[in-house]
Amino acid sequence: MKIPKRIASTLINALKGGVVPRIGLPYIAVGREQEINALLRDVEIIADGGASFRFISGKYGSGKSFLLQTIRNYVMDRNFVVVDADLSPERRLQGTKGQGLATYRELIQNMSTKTRPEGGALPLVLDKWISGVQSGVAMESGLDLESPEFARLVQQKIFEVISQLNGMVHGFDFAHLLTMYYRAYLDGDEETKAKVIRWFRGEYLTKTEAKQALGVNVVITDDDWYEYIKIFAAFLKSAGYAGMLVLIDELVNIYKIPNAITRQYNYEKILTMYNDTLQGKAKYFGIILCGTPQCIEDTRRGIYSYEALRSRLTEGRFARGDTRDMLAPIIRLSPLTNEEMLILVEKLSDIHAQLFGYTQRLTQEDRITFIQIEYSRVGADSHITPREIIRDFIELLDILYQNPGMQVAELMGSEAFSYAKTPLEAQSDESAGEFAEFEL
């Protein structure tokens, strides 16, 4: 398995830092076949003109973000546009101080396509749309590009796409801005194009500011940003893409909102999204939200505290234990098996050796011993995550690379490694320390 050095470096550095790399995931993908197949079925539904909505539930480090990035790369290869964002205290689904608009901005800023996977694809999408219409008209008509008839036919095609948006909520305003962009494109007016891009990104805060810049009396706000996301999905289909996928991670930041009413407003926005997709109000559009089991299932503060969502999302009587319904709204991630983790560390060994240009010292027996030690720690069966194991293993590889004289058995047999604490043990020790200090 030969991997470009740039990708290998990104993979190792990101994984050691506890984050999911945005490139190179096929080189380290293991397991999750059921989950991936379920999400790919949703992708087919979206491409056929439908819509989908999923929650991915898993504890910290269990692979939620990895699964998101895997699906992200897959759908971009199939001509989808992907927008993604992580929620935070400043970015929510609904807010009174610009938090909802901040999430919209992050989504549009991270708009990605196959040719622009790193984000920032909005200008490319708009220019590609116009040039695609021009190419199509040229092939169909055979007219010279400079002829007045050619320009008329192109404009007719452009307005056909735009007119399809007028029937949607805020579609008229969106279509008006598209028209402005098209005319600026024809005139080579880069300044106006940049202003329209700013508007689509939600960067105009007041109607007065938008009026002065573009002559329009409307801006995207906290209350209506989701409607514009749906319009984008419809436009992107008309522009030649297969559909649009929205990926939102870190739902726990809604769970952490201290004000109960504010949390309920955010859950109400989720309900709106859920109903739109499942009732057929949205087309060529999919949403995936990621969070921990607690932030979803806690009936006091989590999503389940909003009765309208709880009644829709709660499992039935038959999906229990090892019996999982992959067609349900919530995909609950099960732990990777020991065998799958062994395959993963094998891949990491190969990538690390290629990156630093050395012959592997770890044998298969060494890797098996490493996995056995990791899973033999107290609480590991229910609390250890792939993130921790990966981080430990890359650290092991780094130390062995930097200390050629050190024996593998010596390092893995050391007390520091063999008796490293799991998060559960560390939390117990910390709690015990707090109680001891209190008693003193």
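Let's begin with Asp224, which sits in the loop between α9, residues 207-214, and α10, residues 225-238. Please keep in mind that everything I show you today comes from a predicted model. Is Asp224 buried or exposed? It is buried, and yet Asp224 has no salt bridge. If you look for a side chain of opposite charge, the nearest one is Lys269, and that is 7.9 Å away. The cut-off used for a salt bridge is 4 Å between a side-chain nitrogen and a carboxyl oxygen. So what does Asp224 touch, once we leave aside its neighbours within four places in sequence? The contacts are His170 and Val219.

Now over to helix α12, which covers residues 260-278. I picked two residues here, Gln264 and Asn266. Asn266 is buried, with a relative accessible area of 0%. Not counting residues up to four places away in sequence, Asn266 touches Arg92, Leu93, Gln94, Ile254 and Ile257. Gln264, on the other hand, is partly exposed, because its relative accessible area is 25%, and buried would mean under 20%. Leaving aside neighbours within four places, Gln264 is in contact with Ser305 and Tyr306. To get a feeling for distances, take Gln264 and Glu374: they are 110 residues apart along the chain, and their C-alpha atoms are separated by 40 Å.

Here is another pair to set beside that. Ile36 lies in helix α2, residues 33-47. Ile36 and Tyr74 are 38 residues apart in sequence, and from C-alpha to C-alpha they are 10.0 Å apart in space. The residues that Ile36 touches, not counting those up to four places away, are Gly31, Leu67, Thr70 and Ile71.

Next, salt bridges. Side chains of opposite charge can pair when their charged atoms come close. How many salt bridges are there in this model? The count comes to 15. Let me walk you through a few.

Arg91 pairs with Glu106, and the closest N and O atoms are 3.9 Å apart. Arg91 is in the loop between β2 and α4, while Glu106 is in helix α4 itself, so this salt bridge ties together parts that are 15 residues apart in sequence. Both ends are partly exposed: Arg91 has 22% relative accessibility, and Glu106 has a relative accessible area of 26%.

The pair of Lys195 and Glu191 is another, with 3.5 Å between the closest N and O atoms. Both residues belong to helix α8, residues 190-200, and they are four residues apart, about one turn of the helix. Lys195 is partly exposed at 25%, whereas Glu191 is exposed at 54%.

Then we have Arg198 with Glu203, where the closest N and O atoms are 3.3 Å apart. Arg198 counts as partly exposed at 31% relative accessibility, and Glu203 counts as partly exposed at 30%. There is also a network of salt bridges, which links Asp127, Glu190 and Lys193.

Let's return to helix α4, where we met Glu106. This helix is mostly covered, with eight of its 11 residues buried. Which ones are they? They are Gln99, Gly100, Leu101, Ala102, Thr103, Tyr104, Leu107 and Ile108. And what covers them? The cover includes β2, α5 at residues 122-141, α8, α10 and β3.

Last stop, the largest pocket. It holds about 670 Å³ of space. The lining is made of 34 residues, and the closest to the pocket centre are Val20, Lys64, Ser65, Phe66 and Arg387. Which elements give two or more residues to the lining? They are α3 at 64-77, β2 at 80-86, β3 at 243-249 and α18 at 386-402. The largest share, six residues, comes from α3. As for the chemistry of the lining, the residues divide into 17 nonpolar, seven polar and 10 charged.

If you take one residue back to your desks, let it be Asp224, buried and without a salt bridge. Thanks for listening, everyone!

Notes. Residues numbered from 1 in each chain as written. Predicted model: local features only at pLDDT ≥ 70, side-chain atom pairs only at ≥ 80, totals over all residues. Heavy atoms only, no water. 1 Å grid on protein atoms, 1.4 Å probe; cavity = no way out; pocket = protein on both sides within 12 Å on 5 of 7 lines; lining within 4 Å. Points joined across faces, edges and corners; volume = space filled by probe spheres on them. Nonpolar A, V, L, I, M, F, W, Y, C, P; charged D, E, K, R; others polar. Buried < 20%, exposed > 50% of the residue type's maximum accessible area, 1.4 Å probe, protein only. Contact = heavy atoms within 4.5 Å. Lys, Arg positive; Asp, Glu negative; His and termini not counted.
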